[in-house]
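Trainee: I have a chain on my screen and would like to learn how to read it. Could we go through it together?

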Amino acid sequence: MDYKKIDEYVLQLVERSTPERTAWNMEKIREGKPASWNYIDGCMLTALMEMERITGDGRYSRFVRACADHFVEEDGSIRTFKPEAHNLDDINEGRVLFDLYARTGEEKYRRAADFLRRQLDEQPRTPEGSFWHKAIYPNQVWLDGIYMAQPFYALHEKHFGKGDFSDTVSQIETVRARMFSKETGLYYHGYDASKTAFWADPDTGCSKNFWLRSLGWFAVALADLLDILPEGGGRDSLRTIFAALMASAARYADPDTGLYWQVPDQGGREGNYLETSGSAMLAYAMLKGARLGVLDKSYAAKGRKTFDGIVEKYLAFTQDGLDLGGICLVAGLGPEDNRRRDGSYEYYISEPVVRNDAKGVAPFVLAYTEIKRLTP
């Protein structure tokens, strides 16, 4: 397969973007909201930095730096960041700060990383020690939040801390203990430690179903953490959890396309569909896991099949460039005043499916960087 047009596509997205309005943040565009420090752009900026590592093209990091500079003040404070929200999503964009500091030596990037790290010190926790997902979701752990916070947490500990990753490992082991389904080998989207949320099972505290993108977030977090953590220090535990998840997930791939279903264990059910973002995340995790040697080499072929399936099914060549479809815009659980988000099958298939949103584009680009490592 000729992938050259994908390089052009990613650069076109960068060239059509400014820090005030990125071409991939469909939520901001649809709602007409101003730019903010947010996980959607953060995912894409992380992907752009990976593109530069592979291609050596400085246009990627220049745009990342422009975005960071739009929000990061000299004292390390971050414009639009709301500490009182205790929102793990807002930690994610901080991942690019470590690269920017290493490249430039500018202290504001380290100060901003320290600022976000202090936010984790103040993040409310469940009685078991896990971060709440947000202040508006008390005692709730979502798979999404593992990706949003833990790779940043580990990077800070690696670069500026004492190399103690025990808190990260412990929180992931709690996810394994509380949110894992022995029947399917998958993980539920959310868990309420208090077992009182309207969507939570009163006995287990877990949500009703599995959501593909949340599984993808979790898989990507584990793959990235296995690239950050040194041997020892809990890495073996994460490796075991990751390998088991990938083995289970692979069973649910569509045999024809290699893609995965929006509700992954109910493939073919009316209303269910093969979804881009979560499929790209699992492809990236499998490709990276194989490259790191924490998964069998056969997973590289599985990941590549999924990536090629996305290209075949959802990537269209147009006069304006490329167009990536099949992306679930958003899904969540609650809060109390939004009972439509109840974790039911009907809920997950009801959310809008959009094109070119960063929650699909960024994982697609991340998976592409792993493809490029296989075929430079």
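What follows is a set of questions and answers on the chain as a whole and then on single residues.

Mentor: Before you start, note that this is a predicted model, where local features need pLDDT of at least 70, side-chain atom pairs count only at pLDDT 80 or more, and totals for chains, interfaces and linings use all residues. Residues are numbered from 1 along each chain as its sequence is written, and side-chain values use heavy atoms, with hydrogens and water left out.

Trainee: What average pLDDT does the protein chain have?
Mentor: pLDDT is the predictor's confidence in each residue, from 0 to 100. In the protein chain, 99% of the residues score at least 70. The average is 96.

Trainee: Which element has the lowest mean pLDDT?
Mentor: Elements here are DSSP runs numbered from the N terminus: helices (H or I, at least four residues) and strands (E, at least two). The protein chain has 14 helices and 8 strands. Strand E3 (residues 260-261) has the highest mean pLDDT, 99, while the lowest, 84, belongs to strand E6 (residues 321-324).

Trainee: What radius of gyration does the protein chain have, set against a compact globule?
Mentor: The radius is taken over C-alpha atoms, and the globule rule is 2.2 Å times the number of residues to the power 0.38. For 376 residues, that puts a compact globule near 21 Å. The C-alpha trace spans about 50 × 45 × 45 Å along its principal axes. The value for the protein chain agrees with the rule: 19 Å.

Trainee: What percentage of contacts joins residues 24 or more positions apart?
Mentor: Contact means heavy atoms within 4.5 Å. The count takes in contacts with a separation of 6 or more. Of these, the share from residues 24 or more positions apart is 70%.

Trainee: What percentage of the residues counts as buried?
Mentor: Buried means under 20% relative accessible area, exposed over 50%, and partly exposed in between (1.4 Å probe, protein chains only). Of the 376 residues in the protein chain, the buried share is 61%.

Trainee: Is Lys-359 buried or exposed?
Mentor: Lys-359 is found in helix H14. Its contacts beyond four places in sequence include Glu-27, Tyr-39, Arg-213 and Ser-277. Because its relative accessibility is 0%, Lys-359 counts as buried.

Trainee: How far apart are the C-alpha atoms of Lys-359 and Gly-163?
Mentor: Along the chain, Lys-359 and Gly-163 are 196 residues apart. In space, their C-alpha atoms are separated by 30 Å.

Trainee: Why does Gln-140 count as buried?
Mentor: Gln-140 is found in strand E1 (residues 140-142). Leaving aside neighbours within four places in sequence, its contacts include Phe-131, Trp-132, Tyr-191 and Leu-333. Gln-140 counts as buried because its relative accessible area is 7%.

Trainee: How far is Ile-78 from Ala-112, C-alpha to C-alpha?
Mentor: Ile-78 is found in the loop between H4 and H5 and is buried, with a relative accessible area of 7%. Among its contacts beyond four places in sequence are Trp-37, Phe-115 and Ala-112. Ile-78 and Ala-112 are 34 residues apart in sequence, and their C-alpha distance is 7.0 Å.

Trainee: Is Arg-65 buried, partly exposed or exposed?
Mentor: The place of Arg-65 is in helix H4. Apart from neighbours within four places in sequence, Arg-65 is in contact with Leu-100, Thr-104, Glu-106 and Tyr-109. Since its relative accessible area is 30%, Arg-65 is partly exposed.

Trainee: Is Gly-268 buried or exposed?
Mentor: Gly-268 sits in the loop between E3 and strand E4 (274-275). Its C-alpha atom is 9.5 Å from that of Asp-254, 14 residues apart along the chain. With 57% relative accessibility, Gly-268 counts as exposed.

Trainee: What phi does Asn-356 have?
Mentor: Most residues other than glycine have a negative phi. Asn-356 lies in the loop between strand E8 (353-354) and helix H14 (358-374), and at 15% relative accessibility it counts as buried. Although Asn-356 is not a glycine, its phi is positive, about 65°.

Trainee: Which residue joins Gly-334 through a cis peptide bond?
Mentor: Most peptide bonds are trans. Here omega is about 10°. The partner lies in the loop between strand E7 (327-328) and helix H13 (345-348). The residue joined to Gly-334 is Pro-335.
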